[in-house]
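Biologist: Please take a close look at the salt bridges in this model. I would like to know which side chains pair and where they lie.

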Amino acid sequence: MNKKWLSTGSIAAMAMIVAACGGGSGTNNAPDNTGSNGGNAPTEETQTLILGTSADYAPFEFHANIDGTNTIVGSDIELAKEIAKDLGAELQIIDSEFDGLLMSLNTDKVDMVISGLTATDDRRQNVLLSDIYYQTSQAVLVKADQADQFTSEEDLHGKRIGVQLGSIQEGIAEEIDGAVLTSLGKIPELVMELTSGRVDAIILESPVGEQYARTQSSLAIAPVEIAEEDEGFAVAVKLGEDELMESINATIQRLVESGEYEQFVVEANELLGE
């Protein structure tokens, strides 16, 4: 690999990285027990693979209480663990806001980004993107008692629409005639805007929207089809990291062909339902 991984012999250096790049919104800068080694200090013999993610996007990446410990989990986290395992590395997770993830990658604060990241031509100009590991679609999340008011994309014209800052959904909403956008860093913040009536709808990935509709009876998925070709989710690494990307793609191929990634999604949804 062109870029070194951080030597895990320097625990102090790792602590500095966590302090500098920790959780989004300042609320979870050093989540406990997020590493693939169960939160233990890494050994000097192993290298560290640092994952950048925005852990607010269930079932792909989110926080859960596991045995009394705040832990970042989800199908993307399981993918990251498999990548690290295939590389013989320890996984370290840094949680930050979505719109800063690729900047963290290009400033060497993380080694890879996995965060429900849609592969787009614009992103390919700035980072290396892996093979697609998951294909999804867009959903429109609204208040349940207003769902019948949204039956087509035209019903979003002129409405107040919430989207995640820096996401593909932000670009989609910008093309909706007369839409007034609220772009925020975290999905839970957008849901609060929706439940409080400050936005009329949120555009987000279907599995994420469906999870909110399942767990909050006041919310529902509107029968709106978003005319956007979703290219699917990919892993991002810094330009020039061809050897790392080759290993990532090999892991993705194994997990997709075996159906294991789909099972990760199922298991993450089951965890959310507990």
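Modeller: What follows goes through the salt bridges, starting with those of one arginine. The model is a predicted one, and a search of the whole structure finds 10 salt bridges.

R254 pairs with E82 through their side chains, with an N to O distance of 2.9 Å. R254 belongs to helix α8 (residues 242–258) and E82 to helix α2 (residues 75–87), so this salt bridge ties together parts that are 172 residues apart in sequence. The two partners differ in exposure: E82 has a relative accessible area of 13% and is buried, whereas R254 has 30% and is partly exposed. The cut-off for buried is under 20% relative accessible area, which is why E82 falls in that class.

R254 also forms a salt bridge with E260, where the closest N and O atoms are 3.8 Å apart. E260 is partly exposed, with a relative accessible area of 30%. Through shared partners, salt bridges join E82, K85, D86, R254 and E260 into one network.

Another salt bridge links D121 and R124, with 3.3 Å between the closest N and O atoms. Here both residues sit in helix α4 (residues 121–124), 3 residues apart, which is about one turn of the helix. D121 is exposed, at 54% relative accessibility, while R124 is partly exposed, with a relative accessible area of 38%. The D121 and R124 pair therefore lies within one helix, whereas the R254 and E82 pair connects helix α8 with helix α2.

Technical notes:
Residues are numbered from 1 along each chain as its sequence is written. This is a predicted model: local features need pLDDT of at least 70, side-chain atom pairs count only at pLDDT 80 or more; totals for chains, interfaces and linings use all residues. Side-chain values use heavy atoms; hydrogens and water are left out. A salt bridge is a side-chain nitrogen of Lys or Arg within 4 Å of a carboxyl oxygen of Asp or Glu. Helices (H or I, at least four residues) and strands (E, at least two) are DSSP runs, numbered from the N terminus. Buried means under 20% relative accessible area, exposed over 50%, partly exposed in between (1.4 Å probe, protein chains only).
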